[in-house]
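Dear colleague,

I am passing on the structure we spoke about, and my notes follow beneath it. Please read them with the coordinates open beside you.

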Amino acid sequence: MVSSCSFSNLPLSSFNCPKQNSLYRHRHVIFSSVKTTVEKPIRNEDNIRDEARRNRSTTSAANPFSAKYVPFNAPPESTESYSLDEIVYRSKSGGLLDVEHDLEALKNYDGAYWRELFDSRVGKTKWPYGSGVWSKKEWVLPEIDDDDIVSCFEGNSNLFWAERFGKKILSMNDLWVKHCGISHTGSFKDLGMTVLVSQVNRLRKMKRPVVGVGCASTGDTSAALSAYCASAGIPSIVILPANKISMAQLVQPIANGAFVLSIDTDFDGCMRLIKEITSELPIYLANSLNSLRLEGQKTAAIEILQQFDWQVPDWVIVPGGNLGNIYAFYKGFKMCQELGLVDRIPRLVCAQAANANPLYLHYKAGWKDFKPVRASSTFASAIQIGDPVSIDRAVYALRNCDGIVEEATEEELMDAMAQADSTGMFVCPHTGVAITALFKLRNQGVIAPTDRTVVVSTAHGLKFSQSKIEYHSKAIPDMACRFSNPPVEVKADFGAVMDVLKGYLGSKELRS
């Protein structure tokens with residue numbers, strides 16, 4: 001059963017769209033959330049979902065867009081494909097799948113149309129387009145019914161101008177940080193999970209055999225999965241590596257009612273278990289092996305372009321663990337180029353922790369003979385992955401955008417995080433990995449002082465407060481913690497406090 005997408009009562013002819021296409025001459029083909037005049041809504045007992053349902057029932061417009069699963073990077077002659085309503089994670093050959101959109105249908109509307117449509121939805125509460133993900137619904141899950149969508153109005157995250165950090169430390173005037181961690185559960189994983197859980201909600205309504213959703217996680221995936229499943233009333237099962245994630249990350253799935261299994265292994269061991277479990281039980285796999293997640297995550301790339309008024313940055317630096325996100329960013333930028341919203345894409349940098357760096361080693365070897373590694377402990381715990389599921393996706397993305405891979409030692413990433421925080425940010429260790437890559441590429445002259453550069457911050461710093469406490473307390477063995485800022489213990493005495501303050505302020509006048 002294919003559901004039509006939700007449309008409002010504005011004809012496409014209201015936009016500067018190509019008139020020669022027959023679709024533009026059919027005034028019944030109309031999109032939601034775009035109005036030529038502002039109408040004051042009539043309030044009744046309906047909520048925003050009820051209102052969207054009622055408006056949808058009054059239109060008869062057919063949905064011209066569709067998407068399907070295909071083998072990732074399949075040759076042109078391949079005919080293998082699957083409906084998004086099928087429960088399938090791998091191709092017949094065992095390779096990855098990708099969500100392929102009907103680009104020809106999307107191309108019936110020019111880049112100016114899509115830019116205006118997406119921009120018109122920002123900041124609205126109309127269901128479901130106020131979400132940064134679902135404001136691009138036609139490019140994400142075009143056939144899902146609005147009523148099946150599970151959203152916490154995620155996305156639309158802050159693009160922070162790192163003015164002082166850029167100027168003071170890197171001599172850059174155009175440095176930005178995309179704070180994807182300013183989201184419902186505090187990480188970019190919300191962007192993909194709203195899509196995946198929405199599709200599961202649809203499948204359950206279709207009476208497909210799905211009793212719950214499961215994932216292996218180093219923290220953020222489990223937080224997002226458990227929150228969105230709780231919102232929809234769907235059971236969630238989480239497998240975590242014991243004693244390898246922060247308490248803040250552990251408590252999120254517990255608080256959201258997930259069934260949490262703490263396993264004495266690392267993430268790669270958890271991932272092997274969840275793949276075996278989901279092959280035996282009717283539990284839907286929520287890890288990024290499932291390509292639905294990437295459809296939501298790619299919208300962060302589109303958001304960046306929107307926030308720059310559709311001007312393309314020179315560089316985007318993304319932390320990499322399981323490596324789905326670097327491909328998601330590439331896919332978002334590439335779709336915007338192919339559909340005429342922009343004329344080029346940025347160069348991408350994938351940054352890995354040196355203690356879990358299989359992609360970096362593969363890159364340095366000239367993309368020859370990929371070998372997984374056994375990941376060692378790292379403060380960037382969410383990317384402590386030695387055998388990334390999306391390695392093929394990441395290599396494809398980086399090779400097609402002249403991308404670069406860099407790494408960060410534990411001391412480098414913690415120092416970078418501390419320096420960023422000292423200029424007003426509060427980032428996670430994974431962002432510290434990305435900032436370290438920026439330091440190195442600036443020092444090498446690869447990134448110029450005038451290059452518009454975006455560092456993707458993947459999670460909120462509050463999830464990693466313990467690592468910050470250890471750093472500023474200089475409690476990390478074999479680490480100098482050069483930028484630590486511990487509290488100063490002073491007696492409860494006015495004179496003692498004044499002496500300390502005068503010493504800190506460094507003024508001869510104050511000292512005298």
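Trp-310 sits in the loop that runs between helix 12 (299-307) and strand 9 (315-319), and its phi is near 65 degrees, a positive value in a residue other than glycine. Because its relative accessibility is 12%, and buried means under 20%, Trp-310 counts as buried. Please keep in mind throughout that this is a predicted model.

Asp-478 also has a positive phi without being a glycine, with a value near 60 degrees. The loop that holds Asp-478 lies between helix 18 (465-472) and helix 19 (494-505). Is Asp-478 buried or exposed? Its relative accessibility is 82%, and since exposed means over 50%, Asp-478 counts as exposed.

A further point about the backbone concerns the peptide bond from Trp-127 to Pro-128, which is cis, with omega near -5 degrees. Pro-128 itself is placed in the loop between helix 4 (111-121) and helix 5 (137-140).

You may also want to know about the cysteines. How many disulfides does a search of the whole structure find? The search finds 0 disulfides. Cys-215 is in no disulfide, and the nearest cysteine sulfur to it, which belongs to Cys-229, is 8.7 Å away. Seen from the other side, Cys-229 is likewise in no disulfide, its nearest cysteine sulfur being that of Cys-215, at 8.7 Å. A disulfide is counted here when a pair of cysteine sulfur atoms lies within 2.5 Å, so a pair at 8.7 Å does not qualify. As for their surroundings, Cys-215 counts as buried at 0% relative accessibility, and Cys-229 counts as buried at 0% relative accessibility too.

On the surface, finally, there is a patch of positive charge in which Arg-90, Lys-244, Arg-272, Lys-275 and Arg-374 gather. One of these residues, Lys-244, can be placed with respect to the secondary structure, as it lies in the loop between strand 6 (236-241) and helix 9 (247-255). Lys-244 has a relative accessible area of 34%, and because this falls between the limits of 20% for buried and 50% for exposed, Lys-244 is described as partly exposed. Membership of such a patch requires over 30% relative accessible area, so the 34% of Lys-244 meets that requirement.

With best wishes

Methods. Residues numbered from 1 in each chain as written. Predicted model: local features only at pLDDT ≥ 70, side-chain atom pairs only at ≥ 80, totals over all residues. Heavy atoms only, no water. Patch = residues over 30% accessible without salt bridge, like charges linked within 9 Å, V, L, I, M, F, W, Y side chains within 5 Å. Areas by Shrake-Rupley, 256 points an atom, 1.4 Å probe, with all protein chains shown as cover. Salt bridge = Lys/Arg side-chain N within 4 Å of Asp/Glu carboxyl O. Lys, Arg positive; Asp, Glu negative; His and termini not counted. Charge placed at Lys NZ, Arg CZ, Asp CG, Glu CD. Helix = DSSP H or I, 4+ residues; strand = E, 2+ residues; numbered from the N terminus. Buried < 20%, exposed > 50% of the residue type's maximum accessible area, 1.4 Å probe, protein only.
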